[in-house]
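Thanks for making the time this morning. I would like to walk you through one model, residue by residue in places, so please have the sequence and the structure open while I talk.

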Amino acid sequence: MASVTRAAFGELPSGGGTVEKFQLQSDLLRVDIISWGCTITALEVKDRQGRASDVVLGFAELEGYLQKQPYFGAVIGRVANRIAKGTFKVDGKEYHLAINKEPNSLHGGVRGFDKVLWTPRVLSNGVQFSRVSPDGEEGYPGELKVWVTYTLDGGELVVNYRAQASQATPVNLTNHSYFNLAGQGSPNIYDHEVTIEADTYLPVDETLIPIGEVAPVQGTAFDLRKPVELGKHLQDFHLNGFDHNFCLKGSKEKHFCARVHHAASGRVLEVYTTQPGVQFYTGNFLDGTLKGKNGAVYPKHSGFCLETQNWPDAVNQPHFPPVLLRPGEEYDHTTWFKFSVA
């Protein structure tokens, strides 16, 4: 069983409203989520000695989340990841989005789902957030009703995303938590052992847009089907880090996505999802300038993200999994973050 407690977290400037914090607690996990961007601000997991550490990067105060920062813990929408040149067509009509990451549109635009106040509803074992994204918000067509539900079950945090559209629009929702299983504030993730259940990945151009090819991982740096120690792997393959979509099983059923093991603490994170892809990102753009919780700084490679989602730029690449949601349909995806010790 999980308990849920509710408290004020901070006030938005110029009367923008109160941001609330919801603490979900089970015998194995404690998760803090705020109503600003449905953001996970803390996630405490025990190590094999039974010592709890917070394993997500973030801030202790609301001000931290209101500054320019790399989407720590937030829900991303209306469309996660990049849309090439910020343009796409739906039923012959062209739409133009803000170019907020030259030369593309990233993570829903200038004011995506991460930068709005959601309406919370407390559940017996979690919290559900909802909002209506108005027609034309950030350039996207149609009104979109969205529900994001976090529930806790023992060592498992479950995130469900649902949406309904008034006209055809691309929808791709994810959570952008940065994890460090040694505990947030640890200098890097090089001692993490990573497995990703993907036979193919998407090569990208210099602006991180997929070139359209679905490439086999076999014989490449992207073959993570057997566990690799991250630091050594990046060194061996002379990689600056990962920021790539790995292609998962095409089924809409729950399937295994990834496993990360931190040997020193014994902490294990397993990710399951209904989504067709996962963006594995190793915090390549973190640069140590942000001050996080407990005085932590977050240098390059001090956290990793496993953003379960549709494939990047799918709206412009017809052979990628479909990303358009039409009236009368429901977008419904779930991701499971399962914590344990080994």
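Tyr-178 touches a long list of residues once we set aside those up to four places away in sequence, and the list runs through Val-55, Val-56 and Leu-57, then Pro-70, Tyr-71 and Phe-72, then Tyr-281, Gly-283 and Leu-286, and finally Gly-303, Phe-304 and Cys-305. I should say at once that this is a predicted model, so please hear every distance I quote as a property of that prediction. Tyr-178 sits in the loop between strand E16, residues 174-175, and strand E17, and with a relative accessible area of 2% it is buried, the cut-off being under 20%. Its side chain also has a polar partner, since a polar atom there lies 2.9 Å from the backbone oxygen of Pro-70.

Which residues does UniProt list for "binding site"? The entry, which is unreviewed, gives Asn-81, Arg-82, His-176, Ser-177, Tyr-178 and Asp-243, and of these residues Arg-82 is included in the lining of the largest cavity.

Asp-243, another residue from that record, is found in strand E21, residues 243-247, and at a relative accessible area of 9% it too is buried. What does the side chain of Asp-243 make a polar contact with? The partner is the side chain of Gln-279, at 2.9 Å. Beyond its neighbours up to four places away in sequence, Asp-243 touches Arg-82, Leu-208, Gln-279, Phe-280, Tyr-281, Asn-284 and Phe-285, and I would point out that Arg-82 appears in the UniProt list as well.

Let me turn to His-301, which lies in the loop between strand E24, residues 277-281, and strand E25, residues 305-309. Is His-301 buried or exposed? At 5% relative accessibility it counts as buried, and its side chain is engaged in two ways: there is a polar contact of 2.8 Å with the side chain of Tyr-190, and the backbone oxygen of Asn-240 lies 2.7 Å from a polar atom of the His-301 side chain. Setting aside neighbours within four places in sequence, its contacts include Pro-187, Asn-188, Ile-189, Leu-234, Gly-241 and Thr-282.

Leu-234 comes up again with Ala-221, because the C-alpha atoms of these two residues, which are 13 residues apart along the chain, are separated by 8.2 Å. Ala-221 lies in the loop between strand E19, residues 215-216, and strand E20, and it is buried, with a relative accessible area of 8%. Apart from neighbours within four places in sequence, Ala-221 is in contact with His-233, Phe-237, Leu-239 and Phe-242.

Now to the sheet. Nine strands form an open sheet in the order E11-E12-E13-E14-E27-E23-E22-E17-E20, and the pairing is antiparallel. Strand E11, residues 119-123, and strand E20, residues 228-229, stand at the edges with a single partner strand each, so one side of each is left without a neighbour in the sheet. Within this sheet, strand E17, residues 192-196, pairs with strand E22, residues 255-262, over five bridges, and the bridge partner of Ile-196 in E22 is Ala-258.

Strand E27, residues 331-341, holds Thr-335, which counts as buried at 1% relative accessibility. Which side chain does a polar contact of 2.7 Å join to that of Thr-335? It is the side chain of Thr-308, and Thr-308 also appears among the residues that Thr-335 touches beyond four places in sequence, together with Leu-157, Val-158, Val-159, Val-271, Tyr-272 and Thr-273. Thr-335 and Asn-175 are 160 residues apart in sequence, yet their C-alpha atoms are 9.3 Å apart in space.

I will finish with the nonpolar cores. The largest has 61 residues, and those with the most contacts inside it are Leu-43, Tyr-150, Ile-196, Phe-246, Phe-280 and Phe-339. A second, separate core of 17 residues includes Leu-12, Leu-57, Tyr-178 and Leu-286, which brings us back to the tyrosine we started from, and both Leu-57 and Leu-286 are among the residues that Tyr-178 touches.

Definitions and conventions. Residues numbered from 1 in each chain as written. Predicted model: local features only at pLDDT ≥ 70, side-chain atom pairs only at ≥ 80, totals over all residues. Heavy atoms only, no water. Pairing = 2+ DSSP bridges. Helix = DSSP H or I, 4+ residues; strand = E, 2+ residues; numbered from the N terminus. Buried < 20%, exposed > 50% of the residue type's maximum accessible area, 1.4 Å probe, protein only. Contact = heavy atoms within 4.5 Å. Polar contact = N/O pair within 3.5 Å; in protein donor to acceptor, adjacent residues only side chain to side chain. Core = buried A, V, L, I, M, F, W, Y, C linked by side-chain atoms within 4.5 Å. UniProt positions renumbered as here; feature names shortened; annotations may be inferred. 1 Å grid on protein atoms, 1.4 Å probe; cavity = no way out; pocket = protein on both sides within 12 Å on 5 of 7 lines; lining within 4 Å.
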